[in-house]
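Open the model in your viewer and keep the sequence panel in view. This tour goes from selection to selection.

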Amino acid sequence: MSLIDLVVEDIVKIPMTSNDKPDVLRELVQTLKDAGQIDDFDAVLQAVQEREDKLSTGLENGIAVPHGKTAAVTRLKLAIGIAPNGIDFDAMDKNPSKLFFLLVAPPDQSGPHVEALAEIAKLGQSRAFCKALVNADDAKEVVDLMKGE
Amino acid sequence: MSTPKKILVHVDGTERSITAAQYAICLASFYHADLTALYVINTRAMEDLLKARIFLKDEQMEYEHDMEADAERYLNYVDELAVKKGLSITKKSSRGSVHKEIIDLVKADDIDLLVIGELSRIRSRRDEFYDEAERAMRTVPCSVLVVKDEDKVWEMYESLV
């Protein structure tokens, strides 16, 4: 399964309205909930929060990849959040994060989870692509960019 | 016409790969071919995630441990599916880059048919979404069968005596 299989307009939140890290996580999980992708909001939030508590997934160049494992999902789930003005996510370069990829997987599907995370890592290496995502006008444009259209 | 003598099915824990395994079991039974099921623990991706600092070291180890357990669980499941149909299979797990491990096994075991699950129906032009099974499909030296339609495959598997 490729990450692209998970990319639909419903799981894209643009622009994000959060002002801080806890709100970002809640907003992304709520996006999954609103899209009908998850039932148990609290369990999914707890899974990603536990990982964030160890060390922030805010990387360099404005990208953050919050992720976690929980039995509250039966398949890999992805939410994408875009904050053009940036939000403090305790990133390693101390700069605000603008592009958020939230991934949640069931504990017994680590293979697809790892491959999806690796695809995001590869995407993150393309500054031009990330810039295009941050400057997207709406969810449709984000999906089109991901598909390379 | 010669028929496949050695079939390899790639199992990665997705429903699509289990459907592929059911189809491979049917094929192996029809053709009296040897069937090998392969699960690759994608250590290459985990190393990349560690380098990208998406993974912590202990997280990498935890996921690796989980994937070892997944490999055993899914290979055992495919084995059970085969045994139900009176077929004996070879289970193999390896570590590394998925498509390279598949290619290496195809060459080492002289596999003549690779069976994989359905690929993404969305064809992104971005290279980052070029998934491992698709990469294997394009580069293995043997023929490749891409299995689709879970319901039909299930019926075929169930009807296998």
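## Charged pairs

Over all chains, the count of salt bridges comes to 15. The model is predicted. Side chains of opposite charge can pair when their charged atoms come close. Three of these pairs make good stops.

**Select Glu27(A) and Lys13(A).** Their side chains form a salt bridge, 2.6 Å from N to O. Glu27(A) sits in helix H1 of chain A, residues 21–34, and Lys13(A) in strand E1 of chain A, so the pair ties together parts that are 14 residues apart in sequence. Which partner is buried, and which is partly exposed? Glu27(A) is buried, because its relative accessible area is 9%, under the 20% limit. Lys13(A) has a relative accessible area of 26% and is partly exposed.

**Next, select Glu134(B) and Arg138(B).** Here too the side chains meet in a salt bridge, with N and O 3.0 Å apart. Both residues lie in helix H5 of chain B, residues 132–139. They are 4 residues apart there, so about one helical turn separates them. Colour by accessibility if your viewer allows. Glu134(B) is buried at 7% relative accessible area. Arg138(B) is partly exposed at 46%.

**Now add Lys69(A), Glu62(B) and Asp66(B).** Salt bridges that share partners join these three residues into one network. Zoom in on Glu62(B) and Lys69(A): their closest N and O atoms are 2.8 Å apart. This salt bridge crosses between chains, from helix H3 of chain B, which holds Glu62(B), to strand E3 of chain A (residues 67–69), which holds Lys69(A). Glu62(B) is partly exposed, with a relative accessible area of 33%.

## The interface

Stay at this crossing and widen the selection. Show the residues of each chain that touch the other. How many residues of each chain are in contact? The contact involves 35 residues of chain B and 36 residues of chain A. About 3100 Å² is buried between the two chains, and carbon and sulfur atoms give 58% of that area.

Turn on the polar links. Across the interface of chain B and chain A there are 5 salt bridges. There are also 10 residue pairs in polar contact across the interface, with both residues at pLDDT 80 or more.

Now hide chain A and look at the side of chain B that touches it. Helix H1 (15–31), helix H2 (43–51) and helix H3 (57–84) of chain B are the elements that give two or more residues to this side. Which of them gives the largest share? H3(B) does, with 8 residues. Colour this side by residue class: it has 14 nonpolar, 5 polar and 16 charged residues.

## Chain A

Bring chain A back and show it alone as a cartoon. Chain A has 5 helices and 5 strands. Trace the chain along the sequence and the pattern reads β-α-α-β-β-β-β-α-α-α. The C-alpha trace spans about 35 × 30 × 25 Å along its principal axes. The radius of gyration of chain A is 14 Å, which agrees with the value near 15 Å for a compact globule of 149 residues.

Of those 149 residues, 58% count as buried. Look also at what touches what. Among contacts in chain A between residues at least 6 apart in sequence, 66% join residues at least 24 apart.

**Select H5(A), residues 139–147.** The buried residues here are Ala139(A), Val142(A), Val143(A), Asp144(A), Met146(A) and Lys147(A). What covers them? The cover includes strands E1 (12–13), E4 (77–87) and E5 (97–105) of chain A, along with helices H3 (110–124) and H4 (127–134) of chain A. Step just past the end of H5(A) to Gly148(A), which takes a positive phi of about 80 degrees.

## Chain B

Switch to chain B for the last stop. Chain B has 6 helices and 5 strands. Along the sequence they follow the pattern β-α-β-α-α-β-α-β-α-β-α. With a radius of gyration of 16 Å, close to the 15 Å from the globule rule for 161 residues, chain B is as compact as a globular protein of that length.

The C-alpha trace of chain B spans about 50 × 35 × 30 Å along its principal axes. Buried residues make up 54% of the 161 in this chain. Of the contacts in chain B with a separation of 6 or more, 78% are between residues 24 or more positions apart.

Note on methods. Residues numbered from 1 in each chain as written. Chains lettered and ligands numbered in written order. Predicted model: local features only at pLDDT ≥ 70, side-chain atom pairs only at ≥ 80, totals over all residues. Heavy atoms only, no water. Contact = heavy atoms within 4.5 Å. Buried area = accessible area lost by both parts, 1.4 Å probe. Salt bridge = Lys/Arg side-chain N within 4 Å of Asp/Glu carboxyl O. Polar contact = N/O pair within 3.5 Å; in protein donor to acceptor, adjacent residues only side chain to side chain. Nonpolar A, V, L, I, M, F, W, Y, C, P; charged D, E, K, R; others polar. Buried < 20%, exposed > 50% of the residue type's maximum accessible area, 1.4 Å probe, protein only. Rg over C-alpha atoms; globule rule 2.2 N^0.38 Å.
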